[in-house]
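Please open the model in a viewer and keep the selection tool at hand. The stops below are to be visited in order.

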Amino acid sequence: MERIMGGGMLPLVLTSVGVLLLYRILVRLRRGAPMHGAVVVITGASSGLGKECARVFHAAGARLVLCGRDAARLQEVVQELSGSSTDIQHQTFTPSTVVFNLVRADSVEKAAQEILKCYGHIDVLINNAGISYRGNILDTHISVQRDVMETNYFGPIALTQALLPSMVQRHSGHIVVISSVQGKIAIPYRSAYAASKHATQAYFDCLRAEISHLGIPVTVISPGYIRTNLSVNAVTGDGSKYGVLDKTTASGWDPRDVADAVLKAVRQKSKDVVLAGTVPTVAIYLRTLWPTLFFKLMSSRARKEQKHKDE
Ligand SMILES: NC(=O)C1=CN([C@@H]2O[C@H](COP(=O)(O)OP(=O)(O)OC[C@H]3O[C@@H](n4cnc5c(N)ncnc54)[C@H](OP(=O)(O)O)[C@@H]3O)[C@@H](O)[C@H]2O)C=CC1
Ligand SMILES: CCCCCCCCCCCCCCCC(=O)OCC(=O)COP(=O)(O)O
């Protein structure tokens with residue numbers, strides 16, 4: 001045996017162990033950061049994409065802090081997650097909840113302190129909460145433009161700025177924001193929403209650059225249509241609720257698939273991710289590479305939509 005090991009087996013064994021180790025390192029690098037025990041804060045966790053993100057991060061073993069305006073609906077999510085057992089490969093933790101309205105600056109500041117008290121620190125902040133809008137600029141009250149901006153832009157950036165110092169102090173953390181394809185291209189009759197998402201993209205791009213040396217990644221995720229109640233909950237030009245499940249929303253991506261992609265982006269610390277089909281992706285490139293054609297297409301889309309409304 002000694003002769004066999006000495007005469008050729010040893011290099012073979014060492015090479016095999018080396019290859020196996022390399023393989024395990026590559027698999028770990030591909031999978032990205034582990035989520036087990038990570039403290040993950042999710043806003044807008046009571047429904048839609050936020051609720052699905054809660055499900056996938058919970059299953060991955062994260063310690064969740066779920067945020068929303070409605071305490072009862074957040075508790076329902078906690079009950080659902082605590083009762084679920086499918087797909088779970090790790091020890092799981094019962095989520096905590098923090099109830100607050102993103103548009104109220106004082107409540108955001110208080111909520112940030114409450115969030116930090118849950119586990120003493122946070123590892124990942126997922127700014128997901130948001131509201132959409134349907135309307136013609138000519139018929140839209142300026143207060144509606146401001147309200148959408150408060151929910152989708154000022155609220156998330158206020159929460160980010162309130163939580164960031166604790167991440168900087170620990171030299172650790174990760175900021176994530178759910179933007180939209182409409183943070184990259186503006187389509188007619190979505191002025192308030194598209195403007196808030198463009199502002200979101202710009203702010204978090206600046207933040208990424210400013211804190212990259214601190215080892216705190218910033219991930220902007222821009223999905224296309226997702227099958228949620230976003231259009232039902234959208235506001236119109238006079239501030240009333242739109243209340244319609246649009247065909248584009250109803251035929252959108254399954255929120256579970258989008259949540260899986262969010263988990264992957266967080267694990268891999270991706271910087272900017274577009275989760276959309278061919279047409280929106282081509283439209284994003286067209287906006288930069290051939291803007292005159294893009295603007296023509298948008299004008300034609302606006303005319304068609306207006307004609308449809310007039311009929
Ligand atoms: N659905 C889609 O087609 C797409 C959605 N997105 C983005 O995904 C994110 C999630 O939306 P989605 O799940 O689709 O829609 P939903 O309407 O299902 O969820 C929106 C969530 O935001 C929360 N929210 C709304 N306003 C406030 C507020 N003032 N303060 C605190 N929380 C608030 C709601 O919580 P509650 O009412 O309980 O307070 C709710 O949980 C949004 O940022 C949206 O822009 C991006 C691309 C496409
Ligand atoms: C293959 C040839 C392509 C040529 C490109 C032509 C340009 C076509 C325009 C496409 C517009 C896509 C819009 C996508 C919008 C979107 O996905 O928004 C996601 C949301 O946030 C949805 O919110 P909403 O409230 O609007 O439902």
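Select lysine 269 in this predicted model. Is this residue buried, partly exposed or exposed? Lysine 269 has 15 C-beta neighbours inside 10 Å; a residue is buried at 20 or more and exposed at 12 or fewer, so lysine 269 counts as partly exposed. Its place in the chain is the loop between helix H8 (255-267) and S9. Display the backbone angles here: phi of lysine 269 is near 55°, a positive value in a residue other than glycine. Most residues other than glycine have a negative phi.

Move next to tyrosine 189, which also has a positive phi, about 70°, although it is not a glycine. Tyrosine 189 belongs to the loop between S6 and H6. With 18 other C-beta atoms within 10 Å, tyrosine 189 is partly exposed.

For a contrast in surroundings, select glutamine 79 in helix H3 (residues 71-83). Glutamine 79 counts as exposed because it has 11 C-beta neighbours inside 10 Å. Add threonine 94 to the selection: the two residues are 15 apart in sequence, and their C-alpha atoms are 8.8 Å apart in space.

**The sheet**

Now show the protein as a cartoon; it has 10 helices and 9 strands. In what order do the strands of the open sheet of 7 strands lie? The order is S3-S2-S1-S4-S6-S7-S9, with parallel pairing. Strand S3 (96-99) and strand S9 (272-275) stand at the edges; each has a single partner strand, so one side of each is left without a neighbour in the sheet. From one strand to the next, the twist averages 15°.

Begin with the edge formed by S9. Strand S7 (residues 218-223) pairs with S9 in the parallel sense over 4 bridges. Select valine 220 and aspartate 272 together, since these two residues can be viewed as a pair: valine 220 stands opposite aspartate 272 in S9.

Two helices may be added to this view. Helix H5 (residues 142-170) packs on the sheet, where it touches strand S4 (124-127) and strand S6 (174-178). The direction of H5 makes about 170° with that of S4. Helix H6 (residues 191-211) also packs on the sheet, touching S6 and S7, and its direction makes about 155° with that of S7.

Then select S4 alone and show its side chains. In a regular strand the side chains alternate between the two faces of the sheet. Val124 and Ile126 point one way from S4, while Leu125 and Asn127 point the other way, and all are buried. On one side, strand S1 (residues 39-42) pairs with S4 in the parallel sense over 3 bridges, and isoleucine 42 stands opposite isoleucine 126. S4 is also joined to S6 by 4 bridges, and these two strands run parallel. There, asparagine 127 has valine 177 in S6 as its bridge partner.

**The two ligands**

Select ligand 1 and the 30 residues around it; the nearest are Gly44, Gly48, Arg69, Gly130 and Thr228. Which helix gives the largest share of this shell? Helix H2 (residues 48-59) does, with 3 residues. By class, the shell around ligand 1 has 10 nonpolar, 17 polar and 3 charged residues.

Ligand 2 is the next selection, with 23 residues around it, of which Ser132, Ser180, Val181, Gly224 and Ala283 come nearest. Helix H7 (247-250) and helix H9 (278-289) each supply at least two residues of its shell. H9 gives the most, with 6 residues. The class counts for the shell around ligand 2 are 13 nonpolar, 8 polar and 2 charged residues.

**The domains and the whole**

Colour the protein by its domain assignment: domain 1 (33-276) and domain 2 (279-311). Why does ligand 2 lie between them? Both domains give residues to the shell around ligand 2, so it lies between the two. Across the boundary, 9 residues of domain 1 are in contact with 9 residues of domain 2. The side of domain 1 that touches domain 2 has 7 nonpolar, 1 polar and 1 charged residues.

Finally, zoom out to the full chain. Along its principal axes the C-alpha trace spans about 90 × 45 × 40 Å, and of the 311 residues, 36% count as buried.

How values were computed: Residues numbered from 1 in each chain as written. Chains lettered and ligands numbered in written order. Predicted model: local features only at pLDDT ≥ 70, side-chain atom pairs only at ≥ 80, totals over all residues. Domains from an automatic or database assignment. Contact = placed C-beta atoms within 7 Å. Nonpolar A, V, L, I, M, F, W, Y, C, P; charged D, E, K, R; others polar. Near = placed C-beta within 6 Å. Pairing = 2+ DSSP bridges. Axes fitted to C-alpha atoms, helices over the stretch in contact; angles between N-to-C directions.
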